[in-house]
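Here's a quick tour of one sheet and the pocket beside its strands. Take a look at the model first, then read on.

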Amino acid sequence: MQRKIWMNGDYVNWEDAQVHILSHSHQRGSLIFGFIPIFENEGVVSLFRLNDHVERLFTSCATAGIPLDYSPDDIQLAIKDTVKQNPGSIYVKISVYIASIEIDVVPQDPFSTVAIAAYEPQEDIISKNTQPFHASKELSVWMEKEKHQRRPDIIPPQVKIAGNYTSSMMAKWKARKNGYDEIILTDEEGFITEAPTSNVFIVNQDDCLLTAPEDEVLYGITRKSILEIASNEGIKVRVERIPMSELENAKEVFLTSSSHLVCPVTKIDNEPVSNGVPGILTNRLKERFIKISQGQDNFFSSWLDIT
């Protein structure tokens, strides 16, 4: 079908949503973005934790100094309408970017464009590219030993800005060439932080769920959800700096993100995690999350924002 993209209040055809090669966002990596899952259950279409995603978008813009001339309510309404205009979509990607052609790193015309796309990735993107798409339901992970986590004194890891992903892109691309699915990053002191676009969870030998503090990683909406589900399930949780030894001795490891949702890690540096299969707590949390996404969990029903 012909996808429509919302751009500053107007709809344009998918192929007409363009920006100049010399735009500030393209040349300087200043684009802010958000990525939201869409769930459809018996004809009811819902966005997952829309308020949280939009709040994070505005926080990223404010922190980076990127102007955004819409209110959160405006953006939420635009997202919902874009989903209605694009039936069959399973993700929304919203971009806030400076489209003007610029000379300096500080834009002369600092006016932002907001673009909202709703799509089905296999149909609209993957099938139209020339190379195979890399995907795995169980991850073989490389423990990155050269590139470190985004530093808060440069760009805070909570800011979803394009330039913040360059270093981890380089490391992950190298790992892919060496046969791995994903990488895990550490901070400069060797503590476990996150993956390039996912948060990391570890289950230790005492069946306690560990994850890095929020101020050291991306503010993951799925991460937040898993912590709330774990609390509701009565699972022990520790949010703290995680030494490498916890990963080396882990009973289970999994990643969370809006695209991964809950994805088990079964190998690290070509060595199996525990017995090399997804663990009991990983499956338990994943099954509860799926149940919520299917609208079958009254306790967390407020997470689904019906369009």
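## Pairing, and what it takes

Two strands count as paired here if DSSP finds at least two bridges between them. With that in hand, take strand 5 (91-98) and strand 6 (112-119) in this predicted model. They pair in the antiparallel sense over eight bridges, and within that pairing Tyr-91 stands opposite Tyr-119 in strand 6.

Strand 6 has another partner too: it pairs with strand 1, again antiparallel, over two bridges. There, Met-7 of the model sits opposite Ala-115 in strand 6.

## The hairpin at the start

Strand 1 (4-7) also joins strand 2 (residues 10-13), running antiparallel to it, through four bridges. Trp-6 stands opposite Tyr-11 in strand 2.

How many residues lie between the strands of this hairpin? Strand 1 and strand 2 have two residues between them, and Asn-8 takes a positive phi near 50° in the hairpin.

## The whole sheet

Zoom out and these strands belong to an open sheet of seven strands, with the order 2-1-6-5-3-4-15 and antiparallel pairing. Which are the edge strands? They're strand 2 and strand 15 (304-306), each of which pairs on one side only. Ignoring direction, neighbouring strands of this sheet are turned by 30° against each other on average.

Then there's a helix to fit in. Helix 2 (residues 50-64) lies across strand 3 (32-41), strand 4 (44-48), strand 5 and strand 15. Relative to strand 3, helix 2 runs at about 175°.

## The second largest pocket

Now for the bit you may want to probe by eye. The second largest pocket has a volume of about 420 Å³. Of the 18 residues that line this pocket, the closest to its centre are Ile-5, Ala-17, Ser-95, Tyr-97 and Ala-115. Ala-115 is a residue you've met already, as the one opposite Met-7.

Where does the lining come from? Strand 1, helix 1 (24-28), strand 5 and strand 6 each supply at least two residues. Strand 6 gives the largest share, with four residues. So what's the chemical make-up of the lining, by nonpolar, polar and charged residues? The lining residues divide into 12 nonpolar, five polar and one charged.

One background point helps when you look at strands that line a pocket. In a regular strand, side chains alternate between the two faces of the sheet.

How values were computed
Residues numbered from 1 in each chain as written. Predicted model: local features only at pLDDT ≥ 70, side-chain atom pairs only at ≥ 80, totals over all residues. Heavy atoms only, no water. 1 Å grid on protein atoms, 1.4 Å probe; cavity = no way out; pocket = protein on both sides within 12 Å on 5 of 7 lines; lining within 4 Å. Points joined across faces, edges and corners; volume = space filled by probe spheres on them. Nonpolar A, V, L, I, M, F, W, Y, C, P; charged D, E, K, R; others polar. Axes fitted to C-alpha atoms, helices over the stretch in contact; angles between N-to-C directions. Contact = heavy atoms within 4.5 Å.
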